[in-house]
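The exercises below are worked on a single model. Read each task, try it on the structure, then compare with the solution.

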Amino acid sequence: MTIPAYVETPVERIPEIRDSLEKAFRSGKTKSVKYRKEQLLRLAYFVKDNVKPLQEALAKDLGRADAETSILELGNTLGDIKTSYENVAKWAKPERLPFMFNWFAMKPTLRKEPKGVVLIIFPFNYPIWLSLGPMAGAIAAGCAVVLKPSELTPAYSALIAELLPKYLDPEIYTVVNGAVPQATKLLELRWGQILYTGGGRVGQIILSAAAKTLTPVSTELGGKSPAVIDPNCDLKTSAKRLIWGKMSNSGQTCVAPDYVLVPKAFEAQFAQALKEVLYDFYPEGAGKSDSFSHMINGGHFERVKGLLDATHGEIVYGGSSDKEKLFIEPTIVTGVKADDSLMSEEIFGPVLPIVPVEDVDEAIEFINARDHPLALYIFSKSAAFKSKVIENTQSGSAIVNDTLIHGAVEGFPFGGVGPSGSGAHKGKFSFDMFTHIRPTLDNPSWVEMMMSGRYPPYTVAKASS
Ligand code: NAD
């Protein structure tokens with residue numbers, strides 16, 4: 001199919017879109033588990049029926065290989081939908097508290113109620129999974145949903161705006177396309193919940209705006225995720241997994257290893273192993289490879305090139321770029337110091353700085369002197385080394401001897417800690433994000449005989465009871 005044209009939602013229509021979703025939500029139709037399951041099934045069919053157009057859209061937006069879209073987004077998205085479909089009845093069931101003598105007569109119960117009409121704002125880098133994954137949780141929770149895609153992925157954004165209403169109930173689920181004006185208008189309105197995924201700078205704007213309407217927000221942000229290398233690691237496999245995590249989607253991955261901490265004495269050997277992987281992955285060079293994505297736009301191209309141009313480290317692989325093709329070559333830089341340009345912000349591009357340290361203690365200090373990262377990677381064969389790093393640091397997730405794959409593990413939450421985000425999605429965690437746990441009880445009159453002590457007039461005897 002041809003990808004439809006990208007059309008921005010008129011800003012003035014946004015309040016009425018919100019109102020009509022609210023009205024449909026109030027009708028109560030999302031309360032039934034049967035309805036939610038049907039919508040989840042339809043969402044799964046949307047993905048299954050449209051694998052080609054989805055791949056095509058991401059190829060257009062990011063120059064991404066179809067296989068990478070399947071491996072990094074489609075499987076994971078379908079997994080999240082399936083988990084919600086299979087478990088929604090169990091998750092949504094009211095829970096009676098276990099027997100407690102004082103309370104049992106009142107039947108204390110936790111009701112799982114949808115938070116209402118919710119807003120999911122997501123970025124350009126993994127737009128399928130970061131929209132439809134959490135949306136599956138919101139559907140399971142019984143919420144009405146507005147998806148707000150990134151204006152930087154016009155093909156994907158246009159595709160879902162056109163096709164989702166053909167699969168899902170359009171009275172309850174919708175897409176608002178556009179950039180800052182649309183996002184700003186959305187943020188003037190009150191939502192049951194906002195899930196924002198993107199950079200920290202915009203995260204601050206979202207949180208400030210949401211404070212005005214007292215809308216709860218979960219933030220999935222970025223940051224510099226380190227990889228700590230123990231010389232006692234499986235060198236070849238570690239290098240392969242690290243380069244895969246770094247160079248997928250041209251480094252535009254929130255949980256990409258941002259930089260590497262290596263003992264000085266091992267730096268050259270480790271850099272050599274990384275170079276060999278790059279020769280294997282891109283035998284003709286990444287510039288000629290169909291397996292390597294490009295930067296999303298000129299702004300991000302210039303930003304990453306600027307960081308690279310200003311480095312005082314030694315470029316031992318790569319370093320070239322082509323603005324017209326938005327191409328930055330996979331690049332490895334050794335001897336990078338803490339005050340280097342490449343350490344000044346999240347790189348979010350295919351440049352891997354190697355920061356030499358004395359030992360694991362210095363690596364831990366280095367990590368702890370910075371914002372808690374979204375992910376922390378450790379490559380080691382030593383149980384003591386692994387646990388030392390994990391026990392003495394904080395991060396959204398801590399992954400040993402691999403990169404990225406934790407986003408696909410069923411039962412794992414996906415989220416950060418502190419400056420890398422608050423709240424988490426995926427599977428049950430998405431359901432919980434969009435669910436209000438509403439305690440209810442019903443106190444029968446006969447319990448009164450045990451409760452008279454709570455009423456005035458208060459006496460000395462009542463004070464000590
Ligand atoms: P982006 O530019 O696509 O923006 C994200 C969203 O914010 C878009 O929908 C955009 O329209 C909206 N937006 C932009 N400016 C806005 C404004 N002024 N007001 C309101 N909304 C606005 O993506 P990005 O922010 O460049 O994304 C990259 C960042 O996202 C990286 O830092 C990356 O690490 C992070 N990220 C985090 C996760 C995670 O799960 N933690 C996942 C992916 C990306």
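**Exercise 1.** In which loop is the place of cysteine 254? Decide also whether cysteine 254 is buried or exposed.

Solution. The model is a predicted one. Step one is to place the residue: cysteine 254 sits in the loop that runs between helix H9 (235-247) and strand E9 (257-263). Step two is the neighbour count, for which the cut-off is 20 or more other C-beta atoms within 10 Å. Cysteine 254 has 28 other C-beta atoms within 10 Å, so it is buried. Step three is the list of contacts: leaving aside neighbours within four places in sequence, cysteine 254 is in contact with Asn125, Gly222 and Leu374.

**Exercise 2.** Which residues does UniProt list for "active site", and what is the largest C-alpha distance for them?

Solution. The UniProt entry, which is unreviewed, lists Glu220 and Cys254 under "active site". They are spread over 35 residues of sequence, yet they cluster in space, the largest C-alpha distance being 9.1 Å. Next, take glutamate 220 by itself. Glutamate 220 belongs to strand E7 (residues 217-220). With 26 other C-beta atoms within 10 Å, glutamate 220 is buried. Its contacts, apart from neighbours within four places in sequence, are Thr197, Gly415, Gly416 and Gly421.

**Exercise 3.** Into which domains is the protein chain divided, and how many residues of each are in contact with the other?

Solution. The division gives domain 1 (12-222 + 428-439) and domain 2 (226-415). Their centres, taken over C-alpha atoms, are separated by 31 Å. At the contact between them, 16 residues of domain 1 meet 18 residues of domain 2. On the side of domain 1 that touches domain 2, helix H4 (residues 66-92) provides the largest share, 6 residues. By class, that side of domain 1 has 6 nonpolar, 7 polar and 3 charged residues.

**Exercise 4.** How many residues surround the ligand, and why does the ligand lie between the two domains?

Solution. Start with the count: 30 residues surround the ligand, and the closest are Pro123, Ser150, Gly198, Gly222 and Cys254. Then look at the elements: helix H7 (180-188) and helix H8 (200-213) are those that give two or more residues to the shell. Sorted by class, the shell holds 17 nonpolar, 9 polar and 4 charged residues. Last comes the position: the ligand lies between domain 1 and domain 2 because both give residues to its shell.

**Exercise 5.** What is the strand order of the open sheet of 3 strands, and which strands stand at its edges?

Solution. The order is E1-E2-E20, and the pairing is antiparallel. Strand E1 (95-96) and strand E20 (435-440) each have a single partner strand, so they stand at the edges, with one side of each left without a neighbour in the sheet. Now follow one pair. Strand E2 (residues 109-114) pairs with E20 in the antiparallel sense over 6 bridges. For proline 114, the bridge partner in E20 is threonine 435. In general, the strands of a sheet pair through backbone hydrogen bonds, in a parallel or antiparallel way.

**Exercise 6.** Where is the place of alanine 209, and how far apart in space are alanine 209 and lysine 82?

Solution. Alanine 209 is located in helix H8. It has 18 other C-beta atoms within 10 Å and is therefore partly exposed. From C-alpha to C-alpha, alanine 209 and lysine 82 are 34 Å apart, and in sequence they are 127 residues apart.

How values were computed
Residues numbered from 1 in each chain as written. Predicted model: local features only at pLDDT ≥ 70, side-chain atom pairs only at ≥ 80, totals over all residues. Near = placed C-beta within 6 Å. Helix = DSSP H or I, 4+ residues; strand = E, 2+ residues; numbered from the N terminus. Nonpolar A, V, L, I, M, F, W, Y, C, P; charged D, E, K, R; others polar. Domains from an automatic or database assignment. Contact = placed C-beta atoms within 7 Å. UniProt positions renumbered as here; feature names shortened; annotations may be inferred. Buried ≥ 20, exposed ≤ 12 C-beta atoms within 10 Å, placed from the backbone. Pairing = 2+ DSSP bridges.
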